[in-house]
Amino acid sequence: QVQLVESGGGLVQPGGSLRLSCAASGSAFSIYRMAWYRQAPGKQREFVAYITNGGIVNYSDSVRGRFTISRDNAKNMMYLQMNSLKPEDTAVYYCNVWGSTNWGQGTQVTVSS
């Protein structure tokens, strides 16, 4: 089973950038499709982006063109580069194995002036 820890969140002004990191334990990380999700206050958790073990990516319409998902299988790491951030991107961001319901603590991203 893969254990995941998110980091890199913080407070940023609209238009700014952040890079989130997801550190995974376990030797099987490279075989999994991995994803980022987010949950804004008072809303359900939603899909943000995924990356397959072969590097195929997909994004939600709300972040496509602004966010970039990537992974480094040698380091058991996944990343989310977030550019042109908007106040509506404010949420707790989670990484997870695609289809898993075992959620970690997440990392808070707040976009505000």
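Student: In which loop is Ser-84 found?

Tutor: Ser-84 lies in the loop between β8 and β9 (91-97). Keep in mind that this is a predicted model. The phi angle of Ser-84 is near 50°, a positive value in a residue other than glycine.

Student: Is Ser-84 buried or exposed?

Tutor: Buried means under 20% relative accessible area and exposed means over 50%. Ser-84 has 40% relative accessibility, so this residue counts as partly exposed.

Student: What is phi of Asn-76 near, and where is Asn-76 found?

Tutor: Asn-76 has a phi near 55°, again a positive value in a residue other than glycine. Its place is the loop between β7 (67-72) and β8 (77-82). With a relative accessible area of 17%, Asn-76 is buried.

Student: Now the strands, please. How do strands of a sheet pair?

Tutor: They pair through backbone hydrogen bonds, either parallel or antiparallel. Here, six strands form an open sheet with mixed pairing, in the order β2-β10-β9-β4-β5-β6. At the edges are β2 (10-12) and β6 (57-59), each pairing on one side only. From one strand to the next, the twist averages 25°.

Student: How many bridges join β5 to β6?

Tutor: Three bridges join strand β5 (residues 46-51) to β6, and the two run antiparallel. Tyr-50 stands opposite Asn-58 in β6.

Student: And which side chains of β1 point to one face and are buried?

Tutor: In strand β1 (residues 3-7) the side chains alternate: Leu-4 and Glu-6 are buried on one face, while Gln-3, Val-5 and Ser-7 point to the other and are not buried. β1 also pairs with strand β3 (residues 18-25) in the antiparallel sense, over five bridges. There, Glu-6 has Cys-22 of β3 as its bridge partner.

Conventions: Residues are numbered from 1 along each chain as its sequence is written. This is a predicted model: local features need pLDDT of at least 70, side-chain atom pairs count only at pLDDT 80 or more; totals for chains, interfaces and linings use all residues. Side-chain values use heavy atoms; hydrogens and water are left out. Buried means under 20% relative accessible area, exposed over 50%, partly exposed in between (1.4 Å probe, protein chains only). Helices (H or I, at least four residues) and strands (E, at least two) are DSSP runs, numbered from the N terminus. Two strands pair if DSSP finds at least two bridges between them. Axes are lines fitted to C-alpha atoms, for helices over the stretch in contact, and angles run from 0 to 180 degrees between N-to-C directions.
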